[in-house]
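Biologist: Could you take me through one part of this model in detail? I'd like a close look at a sheet, strand by strand, and then whatever packs around it.

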Amino acid sequence: MIKTAMVGLGKMGLSHLSILRAHPDLDVVAGCDATAYLTDILSKHAGLKCYADFDDMLRSETLDALVVATPSKLHAPMVQAALERGLDVFCEKPFVLDVADGERLIELARSSSRVTQVGYHYRFVGAFKEAARLVKSGALGDVHHVRAEAYGPVVLRKRGSTWRSAKSEGGGALYDYACHAIDLVNFVFATPSAVSGVVRHAVFSRDVDDEIYSTLHFDNGASGQLSVNWSDESFRKMSTKISVWGTNGRVTADRQECQLYLREPHPALPGVDKGWTVRYTTDLSDEVWFYLRGEEYSAQVDYFAQSVKERRLDGENSFARALDADRVVAQLLDDASGNAVFAGREPRQASRPGLWSRLFG
Amino acid sequence: MSQPALPGAAPAAMDRVLFGDNQFFGVNHMSEEKARAQSMRFQDLGAIIEVLDAAYQEGIRTFMCTSHDRVAEICDHFRKHRDKYPDYRFYPCMPYAHKYANAVTEHGMIEALRMFLPQEGAVAAMLKGGMALANKDIEAIMQLLIDAEMKMFHDLRTPVVFMQNVITDLLLGLRMHECFRIFHDHVRARYGAEPGYITMNVPRLLDALDALGIENPVVCANINKIGFRMCGGVVAYEDAIAHRRFRPVAMSVFASGAIPPREALDYVCRQPRIEAVVFGASGRANIRQTKALIDELSVSR
């Protein structure tokens, strides 16, 4: 059994905790969060040993692995403390807010042979895996354009009350939504080498961006577009889509389906005819041992557990891969500096992030 | 409430065919485009009632639905036209989680709890007093949340009340199993209804309910030939259905359209202990065909 602890029992944290506790190879020995009402409920009704102080937990418990699901600003120091204690680490996305921190942590993990993973769960969605497979097969010919989109109904009025609405904490659609879309580009096609024409715009928020648009440039000469908006109420929940155009066709994938159009059959995809080929999540999803909110959340936890067991140090979503996304975020911030426009002038209301928003927000 | 508690009464039989609500609220596991088209069509309450009427005319008199805000409008319609649907019943599934999420995002947890809970009573006083939720009696709060969700169904028949899978499975993984008992006892005592649990993890949930001493529970889960979202696998599900004591309700029997109708329903109807099948559809022809197939395949067993 892999003795595991969790820090950050917020929105993703509780969902992770449920999945971690259901995993047959993981023994969740403790959880940590500064919010007393949550840790009280979990210790009283879920029988979980809880700490309010992270360092106290690291000192007191004998651990093999740590899962970090705290606000983004806290990732770097907590991951560092865990690596220094020789723990394998799963960290929620985005990995770090400062690329230099990420480089240091990657080196630390490498020198101590630690397993690392970041929670870019879309890499475990069947339809996106299929898109990556199709693109990497070369069947699309020369890829010349990519479009990554993410839309959803997170900020729909002028207010700001949680860490997600604070720029300094790693909030905003850039860190919450855009980094998922960027990681999908990296996963399905390639990491862009440059960005231009960046628009970061607040629709309702005061301190952070609600929409991000940018042109992406790739080493092979291909271009891309990033289009992200978390202030779109017409979506029931976050909706992410990637399209890749090549000289021999196109692939479009979202969480539910992967659509391929081939102008001509290609030897890399035997048996696939020209024209449309559509595959659905029912066909593309691998069975998981426990389901909560989507196969991908369980699949990524299982992948981490297997990596720890097999000492797989360069797996999917390693710190090094996740830092590729952080580097693009840094470029987006750099290109947009001085251009970002913030709307929303009303005073902020203070309120606490709650249990339900932690689960479903 | 319309039904008094009947402690010790034999559990009521469920209808063989139940009508689901995903299609009305933009939930489609196959295609986001299709989901959007459906939410456009069903913005209008009249369009929803038309489909429910079609199902009713085909003999489907149970509507299994989330406690979505729009379901309140549907409930109003059925209360107003009671004579038209004398034997109609609802199987509420709670909660519609996004409703809470939105309220909490906007107002914070304590405020949101206040909004969903009654203004009077000990818990409201406790929240007003700013007492830490730590001491909170999880049972009292859960009961009040259930009551809040049940409000829209007042004076309607609700013989089975379900806990939604996102909550069931979250609690299951967290090992907060006592919440299943709280739900069970309150639904029985307050509503004289049979508590049900929706899950994607049948074998694991049955273990938890067994340990709590909850006997012969109603459990609704994906049951389909290709094993789509059946954690533990098709074989474990078939084995549980054949040998364990619970009342299975099959949903997602077509696996979002991945299995042809006859083949899908044949698989489900071949397992005689499956009590009911829930499906959603938007057109009368589709409803008629599905209902007829279930009737035909159920009779021939």
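**A sheet in chain A, strand by strand**

Modeller: Let's start in the middle of things: β11(A) and β12(A) pair in the antiparallel sense, with six bridges between them. The link from β11(A) to β12(A) is a hairpin of two residues. If you want a place to put your cursor, try Lys241(A), which stands opposite Asp254(A) in β12(A). Bear in mind throughout that this is a predicted model.

Carry on along the chain and you meet another hairpin, again through two residues, joining β12(A) to β13(A). Those strands run antiparallel and are held in register by five bridges. Here Ala253(A) is the residue opposite Cys258(A) in β13(A).

Now go back to β11(A) and look at its other pairing. Strand β7 (residues 143–151) of chain A runs antiparallel to β11 (residues 239–246), and eight bridges join them. One of the pairs to click on is Ala148(A), whose bridge partner in β11(A) is Ile242(A).

Zoom out and these strands belong to an open sheet of eight, in the order β8-β9-β10-β7-β11-β12-β13-β14 (chain A), with mixed pairing. At the edges stand β8 (194–201) and β14 (275–280) of chain A; each has a single partner strand, so one side of each is left without a neighbour in the sheet. Direction ignored, neighbouring strands here are turned by 10° against each other on average.

Next, the helices. Helix α6 (residues 126–136) of chain A packs on this sheet and touches β7, β11, β12 (249–254), β13 (257–262) and β14 of chain A. The direction of α6 makes about 160° with that of β12(A). Helix α7 (residues 172–188) of chain A lies across β7, β8, β9 (211–217), β10 (223–229) and β11 of chain A. Relative to β7(A), α7 runs at about 150°. Both helices list β7 and β11 among the strands they contact.

For a contrast, chain A has another open sheet, with six strands in the order β3-β2-β1-β4-β5-β6 and parallel pairing. The edge strands there are β3 (50–51) and β6 (116–118) of chain A, each pairing on one side only. Inside that sheet, β4 (residues 65–68) and β5 (residues 88–91) of chain A pair in the parallel sense over four bridges, and Val68(A) stands opposite Cys91(A) in β5(A). Helix α4 (residues 75–84) of chain A lies across β1 (2–7), β4 and β5, running at about 165° to β5(A).

How far can you trust all this? Chain A averages a pLDDT of 91, and 90% of the residues score at least 70. The stretch to be wary of is residues 338–361 of chain A, where the pLDDT is below 50. That stretch still has 61 contacts in the model beyond near neighbours in sequence. Where pLDDT is low, though, predicted coordinates shouldn't be read in detail.

One last stop, over in chain B, for a helix pair. The axes of α12 (residues 261–269) and α13 (residues 284–299) of chain B come within 9 Å and cross at roughly 40°. α12(B) and α13(B) are therefore oblique to each other, and α12(B) passes α13(B) in a right-handed crossing. Among the residues that meet there are Leu265(B) and Cys269(B) from α12(B), with Leu293(B), Ile294(B) and Leu297(B) from α13(B). By type, the residues of this contact divide into six nonpolar, three polar and two charged.

Note on methods:
Residues are numbered from 1 along each chain as its sequence is written. Chains are lettered from A and ligands numbered from 1 in the order in which they are written. This is a predicted model: local features need pLDDT of at least 70, side-chain atom pairs count only at pLDDT 80 or more; totals for chains, interfaces and linings use all residues. Axes are lines fitted to C-alpha atoms, for helices over the stretch in contact, and angles run from 0 to 180 degrees between N-to-C directions. Angles under 35 degrees count as roughly parallel, over 145 as roughly antiparallel, 65 to 115 as roughly perpendicular and the rest as oblique. A crossing is left-handed if the near helix is turned anticlockwise from the far one by less than a right angle, and right-handed if clockwise. Two residues are in contact if their C-beta atoms, placed from the backbone, lie within 7 Å. Ala, Val, Leu, Ile, Met, Phe, Trp, Tyr, Cys and Pro count as nonpolar, Asp, Glu, Lys and Arg as charged, and the others, Gly among them, as polar. Two strands pair if DSSP finds at least two bridges between them. pLDDT is the predictor's confidence in each residue, from 0 to 100.
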